[in-house]
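User: I am new to this structure and would like a close look at one part of it, the contacts between charged side chains. Please take me through them carefully and then place them beside the other features of the model.

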Amino acid sequence: MFAIMFVVFYFLLIRPQQKRAKEHRTMVENLAKGDEVVTGGGLVGKVTDLGDNFIEVEVADNVRVKVQRQMLASVLPKGTIKSGL
């Protein structure tokens, strides 16, 4: 009975979480200058500088913020942000 419950938890909880973590890790590793990103706090901007632990994101003209790499929520398709930045 215990083994069946473990198998159910593995396929419903553990495995999907590991898959999402792997996808996020791959996304963070493949960042490049010029990528448009959304941070965990909801800021949308363009990557201007990459470091080992931090990236610099331009959120408006001449307004740049440093963000921890792991705090990125997603990478947007190119051209999502209007050229007004």
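Analyst: A salt bridge here is a side-chain nitrogen of Lys or Arg lying within 4 Å of a carboxyl oxygen of Asp or Glu. The model is a predicted one, and a search of the whole structure finds two salt bridges.

One of them joins the side chains of K78 and D35, with a distance of 3.2 Å from N to O. K78 belongs to the segment after β5 (72-76), while D35 sits in the loop between α1 and β1 (36-39), so this pair ties together parts that are 43 residues apart in sequence. The two partners can also be described by their accessibility: K78 counts as exposed because its relative accessibility is 60%, whereas D35, with a relative accessible area of 12%, is buried.

The other bridge is formed by E56 and R64, whose closest N and O atoms are 3.5 Å apart. E56 counts as buried at 17% relative accessibility, and that value falls under the 20% limit for a buried residue. R64, by contrast, has a relative accessible area of 49% and is partly exposed.

Beside these charged contacts stands helix α1, which covers residues 2-29. At 1.5 Å a residue its 28 residues should span 40 Å, and the C-alpha atoms at its ends are 38 Å apart, which agrees with that expectation. The helix nevertheless bends by about 45 degrees at Y10.

Y10 also takes part in the one aromatic pair that the structure holds. The rings of Y10 and F11 have centres 5.2 Å apart and planes at 80 degrees, so the pair is edge-to-face. Y10 counts as partly exposed at 30% relative accessibility, and F11, which lies in helix α1, is partly exposed as well, with a relative accessible area of 48%. Both residues are members of a nonpolar patch on the surface, which includes M1, I4 and M5 among others and has about 1200 Å² of accessible area together.

A last point concerns G51, which lies in the loop between β2 (44-50) and β3 (54-60). G51 is partly exposed, with a relative accessible area of 29%, and its C-alpha atom is 8.6 Å in space from that of R69, a residue 18 places away in sequence.

Definitions and conventions
Residues are numbered from 1 along each chain as its sequence is written. This is a predicted model: local features need pLDDT of at least 70, side-chain atom pairs count only at pLDDT 80 or more; totals for chains, interfaces and linings use all residues. Side-chain values use heavy atoms; hydrogens and water are left out. Helices (H or I, at least four residues) and strands (E, at least two) are DSSP runs, numbered from the N terminus. The expected span of a helix is 1.5 Å times one less than its number of residues. The bend at a residue is the angle between axes fitted to the seven residues ending there and the seven starting there. Patches are made of residues with over 30% relative accessible area and no salt bridge: like charges are joined within 9 Å, nonpolar side chains (Val, Leu, Ile, Met, Phe, Trp, Tyr) within 5 Å. Accessible areas come from the Shrake-Rupley method with a 1.4 Å probe; for residues, only the protein chains shown count as cover. Rings of Phe, Tyr and Trp (its six-membered ring) pair if their centres lie within 6.5 Å; planes under 30 degrees apart count as stacked, over 60 as edge-to-face and the rest as tilted. Buried means under 20% relative accessible area, exposed over 50%, partly exposed in between (1.4 Å probe, protein chains only).
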